[in-house]
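I have a new structure open and want to find my way around it. These are my notes, written as I looked things up.

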Amino acid sequence: MYKAKAYAAGSASSPLASTTVTRRDPTERDVQIEILFCGICHSDLHQVRNEWSNVMPTVYPCVPGHEIVGRVTRVGSAVTGFKPGDLAAVGCMVDSDRTCSECQAGLEQFCPNLTLTYNFPDKHLGGVTYGGYSDGIVVDEHFVLRVPSNLDPAGAAPLLCAGITTYSPMRRRGVGKGKKVGVVGLGGLGHMAVKFAHAFGARVVVFTTSPNKKEDALRLGADEVVVSRNADEMQRHAGSVDFILDAVSADHDINAYIQLLRRDGNITLVGAPEKPFAVAGFGLLFGRRSLSGSLIGGIPETQEMLDFCGANNITADVEVIPIQKVNEAYERLLNADVKYRFSIDMASLKSE
Ligand SMILES: NC(=O)c1ccc[n+]([C@@H]2O[C@H](COP(=O)([O-])OP(=O)(O)OC[C@H]3O[C@@H](n4cnc5c(N)ncnc54)[C@H](OP(=O)(O)O)[C@@H]3O)[C@@H](O)[C@H]2O)c1
Ligand SMILES: [Zn+2]
Ligand SMILES: [Zn+2]
């Protein structure tokens, strides 16, 4: 075992602060990674503040972070896909049983014996897993991804959660040429959804509460931008959208979006607000519309997404910050004031 530097929250109301955590020595199947960059996902903030206490109560101290890109420093004797010096990435998952039907289908995120990257029972060391706000991590090779060499590591880190979470449902729903796609909420997830939907050839409409994001949305690949607080602008799209991805982190009226779907249209939730939604059933009945959810993506699809990003030169638009600015970044995230993902430069941990 060895000590790694990290930033942790000690309680739901305390700021994140410098600490050390224990990492295991790599077993024969493990890859040891020096973390270069870690994105800040809104899920980190939900978890740190224990906003999901009914589903996944937070164990403190909590070291968040599941958008990890780093350099391999050591590999176990049975590791075949990585060697020291390689660029490597880790997303939301670090372990699963590999034998259940979900794992066999490459959908590890639904494995009953899944281990998430942070705040999940650690099978090796006891306690809970600690995430990517750290200078190092040790992960089973199966959960380590390859990063195309043409991608900027700081901008590639957010692909590991924001990227796969938006790529997966849009691929599954056949987003592409001839389809009109809505993206609700232009944050970390939303801006990746716009980039992917545009790259897949769809017509993209962004729904935002922030009028000042309009030009960015068009630059990112949107064909149209609707300020969702304007009822007239919303009404213009009624009954016309094939697929909507809802990536909003806070309470909002989902019925206003269900009305925009055409017959058999689907709205998929990826946003995970603290409080349950009120859904008007008639909005779904008329038009035979459907409401679904989606959770990240499996390991094979995550690699597929990274390779797609490599081939199409897609990364997140990031604001790179030192770890010392993480608490300020959380406040800005709450105010929808980030363009469009914070990526923490872990070299800044060296001075702690
Ligand atoms: N399903 C999954 O697997 C998965 C994976 C990752 C994250 N998530 C969840 O997805 C959500 C989004 O994550 P993120 O990292 O993209 O967050 P984010 O960067 O904070 O973006 C959220 C966006 O939602 C909009 N928004 C914020 N408050 C709002 C309000 N009160 N009413 C309406 N719109 C509001 C804002 O967009 P505008 O300014 O454009 O309105 C904001 O930029 C979070 O709940 C996160 O936990 C789920
Ligand atoms: Zn995330
Ligand atoms: Zn399994």
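My entries below go through the metal sites, then ligand 1, then one helix.

**Before starting.** I note that this is a predicted model, so I keep that in mind for every value here.

**Entry 1, zinc ion (ligand 3).** Which residues hold this ion? I find Asp 97 (OD), Cys 100 (SG), Cys 103 (SG) and Cys 111 (SG) as its protein donors, at 2.1 to 2.3 Å. Along the chain I read their spacing as D-x2-C-x2-C-x7-C. I looked at the geometry next: the angles among the 4 donor atoms run from 100 to 117°, and the site is tetrahedral. I also checked two of the donors for burial, and both Cys 100 and Cys 103 are buried.

**Entry 2, zinc ion (ligand 2).** Here I get three names as protein donors: Cys 41 (SG), His 66 (NE2) and Cys 161 (SG), lying 2.0 to 2.2 Å from the ion. Their spacing in sequence is C-x24-H-x94-C. The two cysteines bring together distant parts of the chain, 120 residues apart. I place Cys 41 in the loop between strand S3 (30-39) and H1, and Cys 161 in the loop between helix H3 (153-156) and helix H4 (162-172). Why do I call Cys 41 buried? Its relative accessibility is 3%, and the cut-off for buried is under 20%. Cys 161 counts as buried as well, at 5% relative accessibility.

**Entry 3, ligand 1.** I count 30 residues around ligand 1, and those that come nearest are His 42, Thr 208, Thr 209, Ser 210 and Arg 341. I then looked up some distances to oxygen atoms of the ligand. A polar side-chain atom of Arg 341 sits 2.6 Å from one. With the backbone, I find an N or O atom of Leu 189 at 2.8 Å from a ligand oxygen, and one of Ala 272 at 3.0 Å.

**Entry 4, helix H11.** Which residues of H11 (residues 326-334) are buried? I list Val 326, Ala 329, Tyr 330 and Leu 333. Looking down the axis of H11, I see these buried residues within an arc of 105°, so they line one face of the helix. A reminder to myself: an α-helix has 3.6 residues a turn, so residues three or four places apart point the same way. What do the buried residues of H11 pack against? I find strand S1 (2-9), strand S2 (16-23), helix H1 (42-48), strand S16 (318-322) and strand S17 (341-345). After H11 comes Ala 336, with a positive phi near 55°.

How values were computed
Residues numbered from 1 in each chain as written. Chains lettered and ligands numbered in written order. Predicted model: local features only at pLDDT ≥ 70, side-chain atom pairs only at ≥ 80, totals over all residues. Heavy atoms only, no water. Donors = N, O, S within 2.8 Å, 3.2 Å for Na, K, Ca; no water. Tetrahedral: all angles 85-135°; square planar, octahedral: opposite > 155°, others 65-115°. Buried < 20%, exposed > 50% of the residue type's maximum accessible area, 1.4 Å probe, protein only. Arc of directions from axis to C-beta. Contact = heavy atoms within 4.5 Å. Near = heavy atom within 4 Å. Polar contact = N/O pair within 3.5 Å; in protein donor to acceptor, adjacent residues only side chain to side chain.
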